[in-house]
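Work through the exercises below with the coordinates open. Try each task before reading its solution.

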Amino acid sequence: MSVRASPTAIVAGAGAIGAIALLWSAPFLWMVVASLRPDSAGSLDIASLMPSWPPSWANFRLAWESADFLLNYWNTLMVVAGTLTVQLVTMSLAGYAFARLRFRGRDLIFYLFLLQLMIVPPVLIVPNLKTVTRLGIYDTLWGVMAPYWASAFGTFLMRQTFLGIPRDFEDAAEIDGCTLLQTLRYVLLPLAKPALIAFGIVSVVAHWNEFLWPLMVIDSPSHRTLTLGLASFVSSGEGDAEWGLIAAGTLIVSLPLFAGFIAFQRQFINSFVMSGIK
Amino acid sequence: MTALSRITLTAVGVATLLSASVAATAKTSIDFYFPVPVQGALAREMTRIVKEFNDASPDIEVVPAYTGSYDETRLKTQAAVEAGKPPAVTLMSANFVQEFVISGEIEAIDDLLTENGGDPKTFLDDFWPALRGNATASGKIYAIPFQNSTPLVYINVDHFKEAGLDPAKPPATWTELADAAKKLTKRDGDKITRYGFEMPGSYDYLGWLTQAFTMSNGGQFFNVSAPGEVYYDQPSTRGAVQFLHDLVFTHKVMPEGVIDPNQTSSDFFAGKASMVLLSTGSLSFIRNGAKSPYTVAFVPRNVRNAVPIGGASLIVFKGITPEQRKAAWKFVTYMTSAETLGSWSRFTGYFAPRKSSYDLPEMKAFVAEHPDALIAVKQLEFAQPWLSTYNVVAVRKAIEDQVQAVISGKKQADEAVRDAQKNADEILRPYNEKIAHVSGL
Amino acid sequence: MRSSSLAKPMLAAPTRRRLRAFLLLLPSLIFLGAFTYWPVASVAVDSLFGRRLGEKVATFAGLGNYLRLAADPKFTTAVLNNLVYIAATVLPAIVLALGFALLLQRSTRFTATLRALLFFPTIIPLVGAAALWTFLFLPTVGLIDYYIGRLAPLSINWLGNPDTALASIAMVTVWKNAGYYMLFYIAALQAVPQDLIEAALLDGAGGWQRLRHVVLPLLAPTTAFVAVIAVIQAITTVDHVIVMTKGGPDDATNLLLFYIFQTATELHDSGKAAAATVATLVALFAVSTVGIRVLERGGRHVG
């Protein structure tokens, strides 16, 4: 079936979606413009999208000095990396069990796993805080990570992925004398790479941006993650918001993720496709 | 120098070094939570003050933590206490002290005073009388005021002159305020381009300002000696809420809906509001950001001049080690010295809680140079305690939600104060039924 | 003979299988147990007790907390608000996501750029988005009123007016998530023949039919998946409420999770907060069960 797509239709479509995308990005445009604008408190034109010239780095400098962004970055990196690492282990093992092994109660236990998809830690804040305190990991990054170390989403994903991999590979590995763990590590996981990448991205973004749970667990400023640093940045005592400064701070927090996404966009989308998240 | 004496000298030197480093590692570390925005000038100044103390006290290290707004500081502090790791000292909103007294989590300053040679009976004498209500409970001192404020009207001088009003004679009564606002409000067809009067309507601010209007209408929000009694459904409160309603809908001089405090100051700077009701705590901010001349004035009276105090006090927590307790006391004493309070006041615009701060030469010079600071202090004569009850945030929100509904055109004042009283009573019921008897308050 | 580190020749095969399964599941089960199941049980138990500010011991309350919960107008408001909020976020987000995906599913440099722009909101933390949008929503000086003000003499107090506050919060969520859901649709569209999509987009009236009757049904599993995620998100994410409106004005933006947060931290009413949490969990459970069943059915059709 061939379609005649008139050039005007294409241009119109492109124009429409382009305009929408521009509107969609207006907040970001403002964020960039405002962060580079020298202090304009009290001006009626704080919202203006017209950049002022010359651009001033004052806001960034002040933002960087005021909050301990470097420390916050480090903490966030630790949290994301630590969470993802353990998640990959637990979800691969569990996903394999559900995909390949037959045992009594398997479906029931699988449903129990799926429950975690909706019972997110913020809903169970009070009891989880108690657990974390009793385990002695209150006000530590471990406390931030621990509730997420089992991932229903990840397990579900791994199960789907493993189900889609023909058993030939594992049989071959078995014949070659591989243990279960070796099979997983050298045969199955490499084949599951797109799904692992997709999950990795989802997990990193989710935990990079997490707020409520870290807010409750972390006390000391030295353990603050980026979102906590940003939030304490934004909330004012008695109403003197310096919007340029806030814009600069938000930009500082988000920039690495933007850069990361732009760099890996193709892989990102591909992994979504190939992992069969449909 | 003989070889022996050189060796001895070296040995002595090494020993001194070692003992110094041992002493250094034996520093008592205490956490200090305080509510300021991290990026603000206030945070930088606070850091400087804490560092000064740390440098001057070799055996103590105060670790400051910026914990956001007053509400967030309360949240964080409570979470830390519940987790068994309370901070040693917190700068807590003055009206939250009562809650901590009820929960039994803070130290009575009385005890700390007597331990360190002070006299609880005379300690508060140097502090403005208006501050004592929020600093004490059942006759004991629980908090030491650090920074305080009252509501204050900021006036755009140019707008006043333009409207034929005299900036040296700001509105002193509610009627005068409404009249002046009417003259100052500018319209472009149906749209208002300049409001005669504007004030924040967000949580915490709105309750405070409504309390100011209630008080200037002859009333008070609560019973200072009984943290379970509030007076919302009273003629004085009703009148205050009605006045706010009228400013928005009858006189049409105040914007409708809830206004963010940031927006209020932005509008003032931009000339979109001629008179704004803010805190004396914003004095420095306004002074530095105003592009045209301004002046300040008392909150206008209807029956009397009366305003609630605002601000924050230092409280010390139980559950810390004896060394930390000593360190905390030293820190608190330093922070609440007349000099420190004075310099913080000059920097922030909050007024200094100690009367003696105003006797210091730096302060006298400052006040002479900034008459607006003097007006803020003068209003203290009429100041009274801030709403501070059991579950104060919920009780405060009980009236705030209603007033928000009124200024958004959703409710009338009568119904609003009735509902506020009903809701507040419900919130206070567990206290009045059970806890009041148990804790002996 | 293969050497299995887990082989125990003395046990029967089914037991060995069970043991292996158990060991593989153990890590996940430990964490699930500690941070999901035990808390659920703990909250359920807590909901039967009560402890207020100033009380040292919890007293048994039976179903008292639930009764007080049902009688609390704030709770009813929070539930209703949440339902409205769900509708106001899930539907627009899905429609927009689908629209974006249809228009951008071909990978060119142009579409890749636009996709990135649409996805950026998802990447920033919600508190960052909240900070931005607080400014955008400022009456008169904020971005929205500033530019709208050029066209019409309007100055809407988005967050300060009880009528518009919830819609404003919903707007932030839609802005944040539409790009994310778009990606799921793009992935799904890869499996749909290109011609079909183009015909649907460019054929005017006929294309609309094609869209509705051919393309959309093919995307049904994705829609179901996205819908479930979106609904769960709408119930469990209140970062922006905490930062922007704190439930106000006058409870206009009070959502379930925020109500729980407030009850626990402002009212110090642990029993009631626990009861509300149980109620929320039940709701979430219902949503997930429905969602999973729909997904299974969809999965069976396609996969």
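**Exercise 1. Give the strand order and the pairing of the open sheet in chain B.**

Solution. Step 1: the order is S2-S1-S3-S13-S6 in chain B, five strands in an open sheet. Strands here are DSSP E runs of at least two residues, and helices are H or I runs of at least four, numbered from the N terminus. Two strands pair if DSSP finds at least two bridges between them.
Step 2: the pairing is mixed.
Step 3: look at the edges. S2 (60-66) and S6 (144-149) of chain B each have a single partner strand, so one side of each lacks a neighbour in the sheet.
Step 4: from one strand to the next, the twist averages 20 degrees. Axes are lines fitted to C-alpha atoms, for helices over the stretch in contact, and angles between N-to-C directions run from 0 to 180 degrees.

The model is predicted: local features need pLDDT of at least 70, side-chain atom pairs need pLDDT 80 or more, and totals for chains, interfaces and linings use all residues. Residues are numbered from 1 along each chain as its sequence is written, while chains are lettered from A and ligands numbered from 1 in the order written.

**Exercise 2. In which sense do S1 and S2 of chain B pair, and over how many bridges?**

Solution. Step 1: S1 (28-34) of chain B pairs with S2(B) in the parallel sense, over seven bridges.
Step 2: check one position. Ala65(B) in S2(B) stands opposite Tyr33(B).
Step 3: add the helix. H2 (41-56) of chain B packs on the sheet and touches S1 and S2 of chain B. The direction of H2(B) makes about 170 degrees with that of S2(B). Contact means that C-beta atoms, placed from the backbone, lie within 7 Å.
Step 4: add H14 (322-335) of chain B. This helix lies across S1, S2, S3 (89-93), S6 and S13 of chain B. H14(B) runs at about 50 degrees to S1(B).

**Exercise 3. Describe how the two domains of chain B meet.**

Solution. Step 1: set the bounds, which come from an automatic or database domain assignment. Domain 1 of chain B is 27-148 + 310-383, and domain 2 is 151-309 + 390-439.
Step 2: their C-alpha centres lie 27 Å apart.
Step 3: count the contact. Domain 1 of chain B gives 27 residues and domain 2 of chain B gives 25.
Step 4: find the main contributor on the domain 1 side. H17(B) has the largest share, four residues.
Step 5: sort that side by class. It has 14 nonpolar, ten polar and three charged residues. Nonpolar covers Ala, Val, Leu, Ile, Met, Phe, Trp, Tyr, Cys and Pro; charged covers Asp, Glu, Lys and Arg; the others, Gly among them, are polar.

**Exercise 4. Do the same for chain C.**

Solution. Step 1: domain 1 of chain C spans 13-59 and domain 2 spans 66-302.
Step 2: the C-alpha centres of these domains lie 31 Å apart.
Step 3: ten residues of domain 1 of chain C touch nine of domain 2 of chain C.
Step 4: on the domain 1 side, H1(C) gives the largest share, four residues.

**Exercise 5. How many residues does each chain give to the contacts made with chain C?**

Solution. Step 1: between chains A and C, chain A gives 76 residues and chain C gives 75.
Step 2: by class, that side of chain A has 57 nonpolar, 15 polar and four charged residues.
Step 3: between chains B and C, the counts are 32 from chain B and 22 from chain C.
Step 4: that side of chain B has 14 nonpolar, ten polar and eight charged residues.
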